[in-house]
Amino acid sequence: MIDLRSDTVTRPSPAMLAAMTSAETGDDVWGDDPTVLRLQSTLAERAGKEAGLFFPSGTQSNLAALMAHCARGDEYIVGQAAHTYKYEGGGAAVLGSIQPQPIENAADGSLPLDKIFAAIKPIDHHFARTRLLALENTIGGKVLLPGYVAEATDLARSHGLSTHLDGARVFNAAVASGQPLAALCKPFDSVSICFSKGLGAPVGSVLVGSRALIEVAHRWRKVLGGGMRQSGVLAAACLYALEHNVDRLAEDHANAGHLAKGLASIGQVEVLSQATNMVFAQFPQEHWVPLEAFLKERGILTQMVYTSRFVTHLDLSRADIDTFVDAVKAYFAR
Ligand SMILES: *Cc1c(COP(=O)(O)O)cnc(C)c1O
């Protein structure tokens with residue numbers, strides 16, 4: 001199958017599986033799984049933070065971070081298009097009693113500074129207490145500009161807010177921009193990083209931040225049901241990914257560029273954007289259902305919607321991209 005729906009669809013490679021089966025394990029709820037501890041400290045060091053905490057999912061990692069920053073009745077400023085706001089079931093409000101204050105994302109994925117400023121509430125009993133600014137990098141595949149991140153987080157700090165980065169794909173941002181991971185993480189008090197996306201691990205996210213913050217998040221992880229036992233088996237996959245699958249993200253980015261170029265050469269397709277490993281394109285609505293079925297019959301999985309997203313990853317080769325583009329061409333040539 002050529003699966004372009006997401007970079008979450010990758011399967012663990014034989015070498016990754018071998019690393020998992022040979023992992024040294026313990027009971028991580030007791031804090032003595034050596035492989036989990038190694039993953040947490042390795043990533044914390046690479047991100048330039050004091051501590052790390054392993055989670056079964058990025059959703060839980062983000063939620064535990066939000067709950068560590070914000071108490072009941074507090075508020076966090078977030079993008080309308082942000083994963084924590086739009087794609088996590090409203091967890092911050094549902095489980096954290098945290099009020100989101102969404103702001104429309106600009107086309108480059110940023111939250112305009114004047115809108116952040118305007119959304120910060122005065123300290124007054126009418127208002128929720130604005131406690132946190134949450135950004136996402138990459139967002140829709142786009143890398144936030146470093147200058148913008150510095151300004152936005154300075155603005156937040158100058159009003160006493162903490163800062164969180166949903167860095168599910170921050171390694172894509174690092175590889176695409178040539179910035180070290182630590183530089184991308186530096187402006188933030190906490191960063192959540194996914195291993196189950198382009199890095200190719202079957203599960204896992206790590207939250208990094210100060211020791212004090214991670215201690216609070218650790219408590220929330222337990223409350224949220226995220227305490228795992230011999231999770232060194234999973235952490236071993238993440239360590240393998242850190243070692244073998246980071247630099248190769250550049251290949252995914254090049255493949256996404258190739259895919260965008262291929263689609264743009266088809267008259268009926270409008271390519272809206274390509275950045276890192278994502279391409280967004282629009283197809284005439286009457287073709288969504290038949291085109292998706294046509295591709296599926298040829299072993300190509302896509303999701304045709306108003307704005308369709310195509311994601312490259314380590315289980316897709318340059319030849320697979322050509323097969324996909326040729327199939328779309330064949331469909332429109334019928
Ligand atoms: C995938 C993703 C997450 C976390 O998702 P899980 O499926 O819960 O691991 C968080 N933020 C962004 C931007 C993501 O793409």
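Here are four short exercises, with worked solutions, on a predicted model.

**Exercise 1. Two helices in contact**

Task: Work out how helix H1 is oriented relative to helix H11, and which residues of the two helices meet.

Solution:
- Start with the geometry. Two packed helices are described by the angle between their axes and the distance between the axes.
- H1 covers residues 14–21 and H11 covers residues 232–244; they pack at an angle of about 135°, and their axes are 8 Å apart.
- Angles of 65 to 115 degrees count as roughly perpendicular and those over 145 as roughly antiparallel. H1 and H11 are therefore oblique to each other.
- The crossing of H1 past H11 is right-handed.
- Now look at the side of H1: Ala15, Met16, Ala19 and Met20 meet residues of H11, namely Val233, Leu234, Ala236, Ala237, Tyr240 and Ala241.
- Sorted by class, this contact has ten nonpolar residues, no polar ones and no charged ones.

**Exercise 2. A second helix pair**

Task: Decide which orientation word fits helices H8 and H12, and sort their contact residues by class.

Solution:
- H8 (residues 170–177) packs against H12 at an angle of about 80°, with 9 Å between the axes.
- Angles of 65 to 115 degrees count as roughly perpendicular, and H8 and H12 are therefore roughly perpendicular to each other.
- From H8, the residues Phe171, Asn172, Val175 and Ala176 meet Leu249, Ala250 and His253 in H12.
- The classes in this contact are five nonpolar, two polar and no charged residues.

**Exercise 3. Reading an open sheet**

Task: Find the strand order of the sheet that holds S9, and say which strands stand at the edges.

Solution:
- Three strands make up this open sheet, in the order S9-S10-S12, with antiparallel pairing.
- S9 (270–275) and S12 (308–311) each have a single partner strand, so they stand at the edges and one side of each lacks a neighbour in the sheet.
- From one strand to the next, the twist averages 20°.
- Zoom in on one pair: S10 (residues 278–282) is joined to S12 by four bridges, and Val279 stands opposite Phe310 in S12.
- Finally, add helix H12 (residues 249–264), which lies across S9, S10 and S12 and runs at about 170° to S9.

**Exercise 4. A strand with two partners**

Task: Is strand S7 largely enclosed or left open, and how does it pair with S6 and S8?

Solution:
- Buried means under 20% relative accessible area. Five of the five residues of S7 (residues 190–194) are buried, so S7 is largely enclosed by the rest of the structure.
- Check each face: Ser190, Ser192 and Cys194 are buried on one side, Val191 and Ile193 on the other.
- S6 (residues 162–166) pairs with S7 in the parallel sense over three bridges; Asp166 has Ser192 as its bridge partner in S7.
- S8 (residues 205–209) pairs with S7 in the antiparallel sense over five bridges; here Ser192 has Leu207 as its partner.

Notes
Residues numbered from 1 in each chain as written. Predicted model: local features only at pLDDT ≥ 70, side-chain atom pairs only at ≥ 80, totals over all residues. Heavy atoms only, no water. Axes fitted to C-alpha atoms, helices over the stretch in contact; angles between N-to-C directions. Parallel < 35°, antiparallel > 145°, perpendicular 65-115°, else oblique. Left-handed = near helix turned anticlockwise from the far one by under 90°. Contact = heavy atoms within 4.5 Å. Nonpolar A, V, L, I, M, F, W, Y, C, P; charged D, E, K, R; others polar. Pairing = 2+ DSSP bridges. Buried < 20%, exposed > 50% of the residue type's maximum accessible area, 1.4 Å probe, protein only.
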